[in-house]
Amino acid sequence: MDGVLDEPLTKTLGPATAKVMAENLDLRTVGDLLHHYPRRYEERGQLTRLAELPLDEHVTVVAQVADARVLTFNGGRGRRLEVTITDGSGRLQLVFFGRGAHRPHKDLLPGTRAMFAGKVSVFNRKLQLAHPTYERLDAESGEGAVSAFAGRLIPIYPACKGLESWKIAKAVDAVLPHATEAVDPLPAALREGRGFVPLPQALLKIHRPQTKADVEEARQRLKWDEAFVLQVALARRRYADAQLPAVARRPVPDGLLDAFDARLPFTLTEGQRKVSAEIFGDLATEHPMHRLLQGEVGSGKTMVALRAMLAVVDAGGQAAMLAPTEVLAQQHHRSVVEMMGDLAEGGMLGGAERATKVVLLTGSMGAAARRHALLDLATGEAGIVIGTHALIEDKVQFHDLGLVVVDEQHRFGVEQRDALRGKGKQPPHLLVMTATPIPRTVAMTVFGDLETSVLDQLPAGRSPIASHVVPAADKPHFLARAWERVREEVETGHQAYVVCPRIGDDLDASTEARRTSPEDEAEKRPPLAVLDVAGQLAAGPLRGLRVEVLHGRMPPDDKDAVMRRFAAGEVDVLVATTVIEVGVNVPNATAMVIMDADRFGVSQLHQLRGRVGRGSAPGLCLLVTEMPEASPARARLGAVAATLDGFELSRIDLEQRREGDVLGQAQSGVRSSLRVLAVIEDEEIIAAAREEAVSVVGADPELEGLPELRTALDALLDKDREQYLDKG
């Protein structure tokens, strides 16, 4: 995008506006602003007769002011202007408050004809428009002016503090003439084949549409640009990766892997076998594997990853597993050592003859233990290392790193994975595991450079979880019954979780209250807090049971102590925040009550629910809410109760929340480039763009014949983003 579109906005708009745009919206050049699309369009509505006004809709009326009067209220402190208008068919009240009443009071004198646009509401059983926009009509303005005003689609831009949407619209007007110079990234054959309007035209139509069809046409075209350019970037990455060398690691017969499989107390599920076969296929090639392994909590991802690690050790390499926190690293280390038994005791008395060493490496280890672990890695004595970011430090030298397994990718910075990749003599194979089900299209956009494997059946021995919505406001006796159910579980020797949205002592109440969604407006009470709920339960419905609390502000040692007591069965009911969402395994916990469940996201509820039913007894999850029956929040909870399929829920979740926070801020490099593409709705576009991108890159990897596409690619992936994707 050279030339005019690269001009800084300071030249076109003036320093003050440009500064706010740069600081708050990250818009710095003419091109940036042209790609800042309207979020939606207000319709002023077709002209409506006052006699036929629909409630709650945006209307435009042409009418004459009958009278206007200023009323005071609040003992003279508040003022409001009431204007009555008439069009011969009926009368309507307009109301303006406070300082906003000043100008209309001067403009709207009795007898003035004007067009008014706004949303119809009811006040005191009368229809009214509050703060309508208006435009006075003088004798000269004929029908043309009226229909132009009424039919216009008014673009509403994503705005920010200090820049209202209409100011942004003015700024766009100033740069819109430059749209003609936009470079079209789509190859001509593709554009014509799919019948798309040229880019300059699409930009004009999205900012200043005459009709809804204009908006649709422009959006389709701009979505394709985004999807296609991103998929070309990813296709080039996969192409480049496929050219990289890697050491092929083929399992050896009668090695660690066979010895391990021979001792498994259960058979692998069909899914585990299928995914293992895909991974072993990748490991046997001379290009680095890049695979994303998705599976529900408890679907046996660790088992699949461990078998891959053992195969690499058999082939003479080492495997490293990276966890996001020390607690998870320790937990993985424990479970791997338990699963391997004496196969993990290489070089020790009593170790099996084919054993290897499994070492743990975390930041808080003592110096001696750390020195020991580093030595085992450098000599190759340790075939498997499990650790946190500490693994990445310069001091850590591997003998021959062959495979890196990353747990919970989205908590993991890309730089770190890169640093670890650099530890091998040649790039090691990479397996990324995530328990957050990611719909196919998100996987295609955000992890587009990884092949995807999915574990979708739960292993034998996991029990089904029954989920029910408990409408506490509509049916209080349901809530009483919920606590009885918890007591019953405890009486049969089981344990329960009670999850609350916040901790207590209103430090976080104010921030919570600010984040409320419209449906919370109806009920303003702050979300329930762990400390309050625990106290009420211990004194009330769960009197006599051993109730303890767990939350993020507790010192780490206290947290560990509580978790240990709970795991040991010394606590009946654990009242907690979402701290328990990640990596707590207590097979004896069979019930979970989630308070104010409407305050959690769908995927989060699903993750939380995965904490029960981990043993042989069936799990029970009760979603308590005070939301009214018809609310979207209740529909969302109903969906969670109705299915245990995380992928189905992640689709619902995405549709509800849009992409903004689905992938967390970690993905921001790619995020900011998605402007009109909605990852779920546009599944077909993404899939089609991916195919087109693969064939374009296959035919011309360097894009020598497509200079415009190269330009667009550079704009999308200015160097740091290119890096970002690289490490993705």
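These are my notes on the nonpolar cores and aromatic contacts of this structure.

**Entry 1: the model**
I am working from a predicted model.

**Entry 2: the largest core**
I started with the largest nonpolar core, which has 36 residues. Which of its members touch the most others? I got M340, I384 and L403. Then I listed the elements that put two or more residues into this core. The helices are α10 (256-263), α11 (270-283), α12 (301-314) and α13 (326-340). The strands are β10 (318-322), β12 (382-387), β13 (401-407) and β14 (429-434). Helix α12 gives the most, with ten residues.

**Entry 3: around I384**
I picked I384 for a closer look, since I had it down as one of the members touching the most others. I skipped its neighbours within four places in sequence. What is left in contact with I384 is L306, M309, L310, V313, A319, M340, K357, V358 and V359. M340 is on that list, and M340 is also one of the three members of the core that touch the most others.

**Entry 4: the other core**
I also found a second core, separate and made of 31 residues. Among its members are L13, M21, Y37 and A182. As a reminder to myself: in soluble globular proteins, nonpolar side chains tend to be buried together.

**Entry 5: aromatic pairs**
How many aromatic pairs does the structure hold? I count five. One of them is F196 with W224, tilted, with 5.8 Å between centres and 45 degrees between planes. Why does this pair tie together parts 28 residues apart in sequence? F196 is in the loop between α7 (188-193) and α8 (199-207), while W224 sits in helix α9 (residues 212-243), so the link spans that stretch.

W224 pairs with F228 too, again tilted: 6.5 Å centre to centre and 35 degrees between the planes. These two are four residues apart in α9, so about one helical turn separates them.

Buried or exposed? I checked F196, and it is buried at 17% relative accessible area. W224 is buried at 3%, and F228 is buried at 0%. For these calls I used the cut-off of under 20%.

**Entry 6: a cluster and a charge**
Elsewhere I noted that F96, F116 and Y134 make up one aromatic cluster. Last lookup: what lies over the face of F478? It is K475, at 5.4 Å from the ring centre.

Conventions: Residues numbered from 1 in each chain as written. Predicted model: local features only at pLDDT ≥ 70, side-chain atom pairs only at ≥ 80, totals over all residues. Heavy atoms only, no water. Core = buried A, V, L, I, M, F, W, Y, C linked by side-chain atoms within 4.5 Å. Buried < 20%, exposed > 50% of the residue type's maximum accessible area, 1.4 Å probe, protein only. Contact = heavy atoms within 4.5 Å. Phe/Tyr/Trp six-rings, centres within 6.5 Å; stacked < 30°, edge-to-face > 60°. Lys NZ or Arg CZ within 6 Å of the ring centre and 35° of its normal.
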